[in-house]
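Please open the model in a viewer and keep the selection panel at hand. The stops below are arranged so that each selection can be followed by the next.

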Amino acid sequence: MKMTFRWFGEKFDTITPEQIRQVPAVVGVITTLYDTLPGEVWERDAVRALKARAEKAGLEISGIESVNIHDAIKAAAPERDRYIENYIKTLKILGEEGIDLVCYNFMPVFDWTRSDLAKPRSDGSSVLSYDGDIVENMDFEQMLQSLESKRGDFLLPGWEPERMARNKELFEIYKGVDEAKLRENLGYFLKAIMPVCEEYNIKMAIHPDDPAWSVFGLPRIVKNHEDLHAIVKLVDSPCNGITLCTGSLGSNPDNDIPAIIRSLKGKIHFAHVRNVKHLGYRKFDESAHLSGDGSLDMYEIMKAFVDIGFDGALRPDHGRMVWNEKSMPGYGLYDRAMGVCYLSGLLEAIRKS
């Protein structure tokens with residue numbers, strides 16, 4: 001397994017590549033051109049500058065998260081083919097620059113949902129939190145206002161102001177798009193991009209829905225074992241695969257994460273590993289990575305990755321915000337660095353057992 005760390009780029013992250021380089025076992029960053037909107041073609045010079053910045057610190061770019069997909073593609077709007085062509089152009093640039101992993105999602109309108117970006121814990125840290133009772137009693141405008149009030153000085157991935165200003169328009173284009181239609185639209189997209197992915201050996205790794213159920217009535221198609229297997233069957237290609245996010249899938253206690261991992265041998269291209277604490281029906285908090293702090297058995301999860309011979313990029317995902325750190329909500333350096341050490345220790349113990 002290749003241990004990596006998410007980095008949002010020079011202008012958007014308080015964490016530097018030099019700090020990431022000091023975390024034991026980390027060899028690369030997972031990054032993106034954060035100020036490029038969905039549908040835009042990435043500029044080659046910007047990709048090269050991103051690579052150069054990582055390499056200056058002694059790190060590689062292990063993957064991109066994300067090359068965001070325009071809603072016209074997800075909703076099968078008349079202009080979708082134009083945006084697919086733009087996406088293919090970006091993939092060609094990435095492939096030619098030696099980047100061979102792209103994490104993406106197919107969630108309509110927004111990428112993820114939380115009811116609180118900084119829920120206080122008894123130990124003095126704070127975490128991202130989801131309370132279904134709160135979310136289900138809000139409309140989308142109230143949710144936007146709530147997130148805006150709690151994000152501090154940081155932009156939130158998936159909730160970019162330029163897109164959210166069009167939220168009424170975005171909800172409108174998804175009218176009539178149910179889960180079956182959304183899955184069909186995903187298949188159309190994947191069939192169009194697979195030739196260039198195969199030419200450059202770019203592994204496309206779809207991220208599960210976060211949380212793993214419908215929010216605000218929008219369709220969700222990456223929620224569980226059945227959904228994941230349906231997606232890898234949409235296009236028979238070694239480049240069509242999964243980002244196995246333990247926290248997103250683990251938000252639903254009915255998902256058996258180790259069993260899902262074992263069932264997807266050869267189709268997991270990328271792994272996000274984090275723990276969550278179940279608090280009731282559609283309620284959870286993020287937690288520290290170790291098993292005892294959350295509801296997921298992290299040893300069994302890491303053992304499942306070892307058992308299937310997973311050798312791709314893995315990164316610690318959201319953790320606690322500790323020691324008054326100021327950073328992207330859920331993406332502080334300190335707790336995720338501790339997560340790297342914990343996960344690396346688990347791997348070492350598993351391999352020796």
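Begin by selecting Gly-28 together with the residues it touches beyond four places in sequence: Met-3, Thr-4, Phe-5, Leu-59, Glu-60 and Ser-62. The model on display is a predicted one. Gly-28 belongs to strand E2, which covers residues 28-31. Is Gly-28 buried or exposed? Its relative accessibility is 0%, so Gly-28 counts as buried. Now add Tyr-331 to the selection and draw a distance between the two C-alpha atoms: Gly-28 and Tyr-331 are 16 Å apart in space, with their positions 303 residues apart in sequence.

Next, select His-269, which is found in strand E9 (residues 268-273). With a relative accessible area of 7%, under the 20% limit, His-269 is therefore buried. Which backbone atom does the side chain of His-269 reach? It is the backbone oxygen of Pro-238, at 3.2 Å. Pro-238 is also one of the residues that His-269 touches, when residues up to four places away in sequence are not counted. To see the rest of this environment, display Leu-101, Lys-203, Met-204, Ala-205, Cys-239, Asn-240, Gly-241, Ile-242, Phe-310, Gly-312 and Ala-313, which are likewise touched by His-269.

Move on to a pair of helices by selecting H4 (residues 80-96) and H9 (residues 179-200). Their axes lie 10 Å apart and the helices pack at an angle of about 25°. Because that angle is under 35 degrees, H4 is roughly parallel to H9. The crossing in which H4 passes H9 is right-handed. Show the side chains at this contact: H4 contributes Arg-80, Asp-81, Ile-84, Tyr-87, Ile-88, Leu-91, Lys-92, Gly-95 and Glu-96, and these meet Asn-185, Tyr-188, Phe-189, Ala-192, Ile-193, Val-196, Cys-197 and Tyr-200 of H9. Coloured by class, the residues of this contact comprise eleven nonpolar, two polar and four charged.

For a second helix pair, select H13 (residues 298-307) and H14, the latter spanning residues 333-352. The axes of H13 and H14 come within 10 Å and cross at roughly 60°. That angle makes H13 oblique to H14, and the crossing is right-handed. Met-298, Tyr-299, Met-302, Lys-303 and Val-306 in H13 face partners in H14, where they meet Tyr-342, Leu-343, Leu-346, Leu-347 and Ile-350. The contact of H13 with H14 holds nine nonpolar residues, no polar ones and one charged.

From H14, step back to the loop that lies between strand E12 (313-316) and this helix, and select Arg-320 there. Arg-320 has a relative accessible area of 15%, below the 20% limit, so the residue is buried. Its side chain makes a polar contact with the side chain of Asp-123 at 3.0 Å. Beyond neighbours within four places in sequence, Arg-320 is in contact with several further residues, among them Arg-121, Ser-125, Ser-126, Val-127, Ser-287, Ala-288, Asp-293, Asp-335 and Met-338.

Finish with Asn-324, whose place is also in the loop between E12 and H14. Is Asn-324 buried or exposed? Its relative accessibility is 73%, over the 50% limit, and Asn-324 therefore counts as exposed. Add Ser-125 and draw one last distance: the C-alpha atoms of Asn-324 and Ser-125 are separated by 7.9 Å, although the two residues are 199 apart along the chain. Ser-125 is also among the contacts of Arg-320.

Key:
Residues are numbered from 1 along each chain as its sequence is written. This is a predicted model: local features need pLDDT of at least 70, side-chain atom pairs count only at pLDDT 80 or more; totals for chains, interfaces and linings use all residues. Side-chain values use heavy atoms; hydrogens and water are left out. Helices (H or I, at least four residues) and strands (E, at least two) are DSSP runs, numbered from the N terminus. Buried means under 20% relative accessible area, exposed over 50%, partly exposed in between (1.4 Å probe, protein chains only). A polar contact is a pair of N or O atoms within 3.5 Å; within protein, one must be able to donate a hydrogen and the other to accept it, and residues adjacent in sequence count only if both atoms are side-chain atoms. Contact means heavy atoms within 4.5 Å. Axes are lines fitted to C-alpha atoms, for helices over the stretch in contact, and angles run from 0 to 180 degrees between N-to-C directions. Angles under 35 degrees count as roughly parallel, over 145 as roughly antiparallel, 65 to 115 as roughly perpendicular and the rest as oblique. A crossing is left-handed if the near helix is turned anticlockwise from the far one by less than a right angle, and right-handed if clockwise. Ala, Val, Leu, Ile, Met, Phe, Trp, Tyr, Cys and Pro count as nonpolar, Asp, Glu, Lys and Arg as charged, and the others, Gly among them, as polar.
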